[in-house]
Amino acid sequence: MLSRLHHTLFSFHSQFFPIPQKSRKCHCARFFIRFKTTPQISVKPSPVTVVFDFSTMKLLGNVDFLKSQTAIKFAAFVFISIAFFYLGKHWSDGSRQLIFFSRQSPSDTTPSSPSIVISPNLNKDFNISALINTPESKPAGSVREKSVPPPPPEIKTYGIVDENGTMSDDFEIGEFDPDLVENWGNGTEIEADTEKEDVRFTFRVKKFGLCGENMREFIPCLDNVKAMKRLKSTERGERFERHCPETGKGLNCLVPSPKGYRPPIPWPRSRDEVWFNNVPHTRLVDDKGGQNWISKKGKDKFKFPGGGTQFIRGADQYLDQISKMVTEITFGHHIRVVLDVGCGVASFGAYLLPRNVITMSIAPKDVHENQIQFALERGVPAMVAAFATRRLLYPSQAFDLIHCSRCRINWTRDDGILLLEVNRMLRAGGYFAWAAQPVYKHEEALEEQWEVMLNLTTRLCWNLVKKERYIAIWQKPFNNSCYLSREAGTNPPLCDPDDDPDNVWYVDLKACISRLPENGYGANVAPWPARLQTPPDRLQSIRIDSYIARKELFKAESKYWNEIVASYVRVLHWKKFKLRNILDMRAGFGGFAAALIDNQLDAWVLNVVPVSGSNTLPVIYDRGLIGVMHDWCEPFDTYPRTYDLLHAAGLFSIERKRCSMSMIMLEMDRILRPGGRVYIRDSLDVMDELQDIAKAMGWHPSLRDTSEGPHASYRILICDKRLLRG
């Protein structure tokens, strides 16, 4: 038995570790077989010296030792080890192996003498990772080739960084993130609470349902068919004015988005193209495509070449012509705020923006009813408004230039009452540019219209500065001296001294000339951009309760909002949101909008002055900003899904005394784009109810502390609007 064990150990060793006697160095893995006694067989990492000491084998000749329990355990261990080695070697012949020594085939019966040889794998390289990562097996004897790494994956651009790591505007906006889309349903859920002692019932809307698909472009005060049917006359455009629903019959559901709605293309690319599914109407393409207004681009986009009815070759060339005609018209300097009447898709205003001019583009919801919707989708300031029977919702001396290019308005009707409204809104010394057929065509009827227009403007004391090709430009006087020097009985007369030209909410047009302030207020505004932070003269005429100097109040508000907006940009990363169309629902002096400009956010703000507060609109326009008067207890005159951000500071704590907060919130949801945000800064006692309403509309609200800390009486409610599907 001893001799068999002895022979087995040598066979095992010589087969797996052949060591020639002449060479005692090899490259091998570390391996130990330990005996009971000190002598051992050891193979250490190369270069090594293999030492054999068989003197200990003499101990095996001792019979007592063989009978001991230790010898039996040792023999069992050796046989089990040999069996595992043979089985493992046999079953792994067809697999890839990490081979460090030459070996004989298991079927080779030729006895091996204990010898030491140099490993055939000496100085060879093996790709270990390829052997580990590739589970496939190769037949024995096949040549192992060095694995070739796969080609790098194709670079896909997401966002605005191209494959070279540089910023680029050449990218596409895809569908909404599935995490921002919710299956909402159409039903409205209501909870009822009962107080038994007072026998009082209270109702709370747990969930507002979606409106019907026919309301996806619904403007409540302009689509009130029942009210329009009751109108006594529509000759003067009454049907295009506001006719709001009666109290309690307003919007009580969520206006849905059109099928396939996408996040809007960001500015400035949106100036030139928008998604078809966001404004899925082709009538303007059919009617105005030949005039370079708009065209279809593929199946999913509209393209805006930048032309108009009177400037087919593009707005830039048209604007250059106006500047050359009257050199005092310096866009972005003395000309900062412009009104474009009958704006079409607002290309005139869109191309004024790079010249540091902000334009209020207006048009009625008429046969081309989606033109304002296109303008807002492009990211251009616009509102639905019409010259009809009431004053427009802008203050006196608001605009440095008013423009009408084929705007389809009869300025001379009713003794020029519509042009008198232009005169009211035009700043002292401002310009009126008219591009129309009577200016340049020599047909008898058109020549008569030109003579009537020329006579009317003369009685208004307007000076025809230049008439060139198809454009005529007039300038309004700087004071009342011309009006007072007219012959007695000249029409139109001056308005009564007690007439307030800034009173515009549901005020009828007046066939009189609005007086200019004797102190020159409104005429002497600083050039842009200095006028943004310069307290204007008309600040002194605002009716406000102020215990400190008004100029100090103006500067304090500007500083206050500048600090807040800077923190929004720094902490909440506003510049990453791609905000473009912003509505400030309670604007004050316009400090929030001015702060956005100071912090270099590429966005425009429509400043809303509620009728429940002081009329600060003249100050807002004197700063070089735009705004409008509005009552938030009524719907707003804009299309659904037109604003990226709604900002309301101190609004609800005031308006809740006059109307339901849920009604205001539903109107906010209507005009807010899916993916848009709402920032409400208000007193703590309105926040719980506002959060409940926000959740019922599918918004995701988050309540934050102001910079004053957790013990302040104000909070900031931030809401995100998701895209809801029925």
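What follows is a chat about a predicted model, covering a sheet, a hairpin strand, a helix, salt bridges and disulfides.

Reader: Let's start with the open sheet. How many strands form it, and in what order?

Author: There are 7 strands in this predicted model's open sheet, ordered 18-17-16-19-20-22-21, and the pairing is mixed. Strand 18 (626-630) and strand 21 (700-705) are at the edges with a single partner strand each, so one side of each has no neighbour in the sheet.

Reader: And by how many degrees are neighbouring strands turned against each other?

Author: On average by 20 degrees, with direction ignored.

Reader: Which way do strand 16 and strand 19 run?

Author: Parallel, with 3 bridges joining strand 16 (residues 581-584) to strand 19 (residues 643-649). Asp 584 is opposite His 647 of strand 19.

Reader: What does helix 18 touch on the sheet?

Author: Helix 18 (residues 661-671) packs against strand 16, strand 19 and strand 20 (672-683), and its direction makes about 145 degrees with that of strand 20. Helix 19 (residues 687-696) packs on the sheet too, touching strand 20, strand 21 and strand 22 (714-720). The direction of helix 19 makes about 5 degrees with that of strand 22.

Reader: Switching topic: strand 15. How many of its residues are buried?

Author: 5 of 5, for residues 471-475. Both faces are covered, with Ile 471, Ile 473 and Gln 475 on one side and Ala 472 and Trp 474 on the other.

Reader: OK, and which residue is the bridge partner of Trp 434 in strand 15?

Author: That's Ala 472. Trp 434 belongs to the pairing of strand 13 (residues 426-435) with strand 15, which is antiparallel and has 5 bridges. Strand 14 (residues 463-468) also pairs with strand 15 in the antiparallel sense, again over 5 bridges. There, Leu 464 is opposite Trp 474.

Reader: How many residues sit between strand 14 and strand 15 in the hairpin?

Author: There are 2, and Arg 469 in the turn has a positive phi of about 55 degrees.

Reader: What about helix 9, is it buried or exposed?

Author: Buried: 8 of the 8 residues in helix 9 (residues 371-378) are, so the rest of the structure largely encloses it. Among them are Gln 371, Gln 373, Glu 377 and Arg 378. Gly 379 follows the helix with a positive phi, near 90 degrees.

Reader: Charges next. How many salt bridges does the count come to?

Author: It comes to 31. One of interest here is Arg 427 with Asp 622, at 2.9 Å from N to O. Arg 427 is in strand 13 and Asp 622 in helix 16 (residues 617-622), so the pair ties together parts 195 residues apart in sequence.

Reader: Are those two buried or exposed?

Author: Arg 427 and Asp 622 are both buried. Lys 721 and Asp 669 also form a salt bridge, with the closest N and O atoms 3.8 Å apart. Lys 721 is in the loop between strand 22 and strand 23 (723-725) and Asp 669 is in helix 18, so parts 52 residues apart in sequence are tied together. Lys 721 and Asp 669 are buried as well.

Reader: Which residues do shared partners join into one network?

Author: Asp 400, Arg 427, Arg 531, Arg 538 and Asp 622.

Reader: Last topic: how many disulfides?

Author: There are 6. Counting bonded cysteines along the chain, the pattern is 1-4, 2-3, 5-6, 7-8, 9-10, 11-12.

Reader: Which hand is the Cys 404 and Cys 407 disulfide, left or right?

Author: Left-handed, because the torsion about its S-S bond is about -80 degrees. For Cys 495 and Cys 512 that torsion is about 90 degrees, so their disulfide is right-handed.

Reader: And where do Cys 633 and Cys 659 lie?

Author: Their sulfur atoms are 2.1 Å apart. Cys 633 is in the loop between strand 18 and strand 19, and Cys 659 is in the loop between helix 17 (652-655) and helix 18, so the pair ties together parts 26 residues apart in sequence. Cys 633 is buried at a relative accessible area of 19%, and Cys 659 counts as buried at 15%.

Technical notes: Residues numbered from 1 in each chain as written. Predicted model: local features only at pLDDT ≥ 70, side-chain atom pairs only at ≥ 80, totals over all residues. Heavy atoms only, no water. Pairing = 2+ DSSP bridges. Helix = DSSP H or I, 4+ residues; strand = E, 2+ residues; numbered from the N terminus. Axes fitted to C-alpha atoms, helices over the stretch in contact; angles between N-to-C directions. Contact = heavy atoms within 4.5 Å. Buried < 20%, exposed > 50% of the residue type's maximum accessible area, 1.4 Å probe, protein only. Salt bridge = Lys/Arg side-chain N within 4 Å of Asp/Glu carboxyl O. Disulfide = S-S within 2.5 Å.
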